[in-house]
Amino acid sequence: DSTSAPNFIRNQIREEVDVGKVDTIVTRFPPEPNGFLHIGHAKSICLNFGLAEQFGGDCHLRFDDTNPAKEEQAYIDAIKEDVSWLGFQWAGDVRFASDYFDQLYAWAQHLVREGKAYVDDLSPDEIREYRGTLTEPGRSSPYRDRSPEENLDLLERMCAGEFAEGEKVLRAKIDMASPNINLRDPILYRIRHASHHQTGDKWKIYPSYDFTHGQSDAIEGVTHSICTLEFEDHRPLYEWFLDNLPVPCKPRQIEFARLNLNYTLTSKRKLKLLVDEGIVDGWDDPRLPTISGMRRRGYTPASIRKFCEMIGVTRADGGLVDIAMLYHAIRADLEDNAPRAMCVLNPVKVVLTNVSEDHNEVFEVPGHPARDDMGTRKLPFTREIWIDRDDFMEEPPKKFFRLAPGKEVRLRNAYVIRCDEVIKDDRDEIVELRCSVDFDTLGKNPEGRKVKGVIHWVSASQGVPVEVRLYDNLFQVEQPDKDKDADFLEHLNAESLVTMQGIGEPSLAEVTPETRFQFERVGYFCADRHACREGHLVFNRTVGLKDSWAK
Ligand code: ATP
Ligand code: MG
Ligand code: MG
């Protein structure tokens with residue numbers, strides 16, 4: 001496929017399979033349930049589930065739920081829905097890192113007994129200070145040489161809730177002078193007197209990400225533990241735990257470059273701020289790059305999967321993918337698969353003077369120009385119609401092929417009309433155009449002259465009112481969070497949502513939520529999941545018609 005980019009992990013696994021190094025693969029997608037998934041997560045989902053599909057293996061959905069303070073059941077539900085909607089099925093039940101808390105605790109005791117972990121009384125600030133920097137080795141905590149017996153007892157008491165938060169932590173005893181700071185006695189357990197969405201009040205201590213992740217992979221028999229490049233420096237620690245604990249197998253960690261997309265943000269924390277501050281309409285606002293926002297905007301699962309295939313998987317960090325590529329992916333899908341309809345966003349009335357009041361002609365036109373399977377739709381043609389204000393100019397420039405005084409234009413799927421008269425109100429606003437129809441032009445060119453322009457239109461008596469929400473990029477700049485200290489909220493695009501009251505062709509009246517259309521000459525639209533209902537039609541603009549993606 002010419003639009004697939006290289007995927008080094010897929011190539012690597014194919015090689016391993018070819019030489020018999022692996023038999024069946026197991027991957028996992030491990031979100032923390034502290035927010036909604038975004039397009040960056042989609043990259044990881046397509047990679048992990050895609051590999052399992054391609055090589056006949058399993059992909060697990062595992063919630064990395066070690067930080068109860070920030071996690072919620074609502075996020076768990078949304079994440080499951082998003083993964084399913086993208087078209088992937090996890091193997092077996094949904095899993096939780098918290099399912100392994102008993103085993104992890106037993107392994108912590110194992111390290112303590114082996115003299116490889118200790119309880120530290122230093123405060124969080126002191127621990128940070130003792131840890132040193134890239135250029136300066138760390139210093140040992142005065143509590144580093146506690147005996148295994150004392151450590152076991154203290155760990156049990158931490159677990160029993162005898163100490164306050166921050167009073168003690170459990171640390172691995174590795175190497176305070178390691179050039180890799182992650183190996184300078186990393187924290188295994190913190191005290192948190194918090195209720196957990198899965199385990200309730202059972203635990204007073206919670207394991208760190210590092211102490212949880214690799215062991216959870218090992219418990220599940222994960223073969224390839226794929227994560228983003230920030231975790232490259234954690235890999236020696238990931239392996240240290242697997243080498244020093246009696247785990248059932250040794251998964252391998254492989255890192256890839258995260259997706260960054262211009263004109264938007266791919267950070268849950270920053271997206272959450274936009275939601276919490278009410279800057280957007282919830283996590284599924286169609287302007288957000290969340291999977292549920294993209295769904296509501298009108299993206300198809302296939303277009304998101306296609307996009308993830310197009311961007312490829314590499315270890316080259318720091319690149320910014322052009323959002324035009326995402327727009328290209330959805331546009332290509334909708335071009336082929338969305339039925340057509342006409343909708344006038346900024347209506348001006350046209351009276352067809354040679355059409356009688358009771359004229360009752362109905363055109364039956366294709367649902368899609370290239371898709372017979374999409375059937376036909378009915379377009380009533382009446383004396384009064386709406387056209388878009390932008391399709392008329394009183395004093396047109398030379399190359400304007402739409403309607404103008406004395407000029408002709410074709411009504412899409414119907415006749416050629418000529419503008420005979422412009423009616424204005426007392427403020428000089430155009431209120432009506434009086435035109436005449438050439439009835440000898442249905443499906444054929446007029447005699448002796450060329451009419452170049454075609455415009456869309458809707459019957460005034462039978463069209464249906466529609467609210468149309470035009471979305472644009474949420475930010476005005478390519479990298480709103482480029483400067484670490486700057487406030488990315490300063491770069492918001494004030495015109496990211498423009499609402500119009502338009503008129504749609506009558507076939508739209510019975511539309512169901514999430515139905516997608518090409519509004520001819522206007523763009524691609526999707527009936528809003530929440531707001532669109534009979535009698536109150538609401539459409540979100542997914543993307544415009546013009547492709548600006550340079551291959
Ligand atoms: P965020 O930084 O947005 O909060 P996260 O990495 O903290 O993301 P997790 O829930 O831990 O969020 O992510 C689950 C998986 O998705 C991880 O394996 C992570 O590496 C991957 N992932 C997250 N963001 C991206 C991204 N922008 N591109 C590719 N993969 C990503
Ligand atoms: Mg994470
Ligand atoms: Mg994060």
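A residue counts as buried if 20 or more other C-beta atoms lie within 10 Å of its own, and as exposed if 12 or fewer do. Keep that cut-off handy for the exercises below, which work through a predicted model.

**Exercise 1. Find where Y263 sits, then decide: is Y263 buried or exposed?**

Solution. Start with the place: Y263 is in the loop between β9 (252-256) and α9. Next, look at its backbone. Phi is positive there, about 65°, even though Y263 is not a glycine. Now count neighbours: 21 other C-beta atoms lie within 10 Å of Y263. The cut-off for buried is 20 or more, so Y263 is buried.

**Exercise 2. Do the same for D428: is D428 buried or exposed?**

Solution. D428 is another non-glycine residue with a positive phi, this time near 70°. You'll find D428 in the loop between β17 (416-424) and β18 (430-438). Its count is 6 other C-beta atoms within 10 Å. Exposed means 12 or fewer, so D428 is exposed.

**Exercise 3. Which residues touch the most other members of the largest nonpolar core?**

Solution. The largest nonpolar core holds 92 residues, and the two that touch the most other members are A42 and W457. Helix α2 (residues 39-54) gives the most to this core, namely eight residues. Zoom in on A42 and leave out residues up to four places away in sequence: what remains in touch with A42 is L37, L86, I291, I304 and C308. There is also a second, separate core of 30 residues, with M158, A172, L188 and F211 among them.

**Exercise 4. Describe the shell around ligand 1: how many residues are in it, and which elements supply at least two of them?**

Solution. First the count: ligand 1 has 16 residues around it, the closest being P31, G40, T228, R258 and K268. Then the elements: α2, β8 (224-228) and α9 (268-276) each supply at least two shell residues. Of the elements, α2 takes the largest share, with four residues. Finally, sort by class, and you get six charged, six polar and four nonpolar residues.

**Exercise 5. Split the protein chain into its assigned domains, then ask which elements of domain 2 give two or more residues to the side that touches domain 3.**

Solution. The assignment gives domain 1 as 8-256, domain 2 as 268-337 + 467-504 + 511-543, and domain 3 as 341-463. Taken over C-alpha atoms, the centres of domain 2 and domain 3 are 31 Å apart. Where these two meet, ten residues of domain 2 are in contact with twelve residues of domain 3. On the domain 2 side, β22 (497-504) and β23 (516-519) are the elements that give two or more residues. β22 gives the most, with four. By class, that side has six nonpolar, two polar and two charged residues.

**Exercise 6. Take the UniProt annotations to the model: what is the helix and strand content over residues 25-318 and over residues 31-41?**

Solution. An unreviewed UniProt entry lists residues 25-318 as "domain: Glutamyl/glutaminyl-tRNA synthetase class Ib catalytic". That stretch is 37% helix and 13% strand, with its end C-alpha atoms 29 Å apart. The annotation "short sequence motif: 'HIGH' region", also from an unreviewed UniProt entry, covers residues 31-41. Here the chain is 27% helix and 0% strand, and the end C-alpha atoms are 8 Å apart.

Definitions and conventions: Residues numbered from 1 in each chain as written. Chains lettered and ligands numbered in written order. Predicted model: local features only at pLDDT ≥ 70, side-chain atom pairs only at ≥ 80, totals over all residues. Core = buried A, V, L, I, M, F, W, Y, C linked by C-beta atoms within 7 Å. Contact = placed C-beta atoms within 7 Å. Near = placed C-beta within 6 Å. Nonpolar A, V, L, I, M, F, W, Y, C, P; charged D, E, K, R; others polar. Domains from an automatic or database assignment. UniProt positions renumbered as here; feature names shortened; annotations may be inferred.
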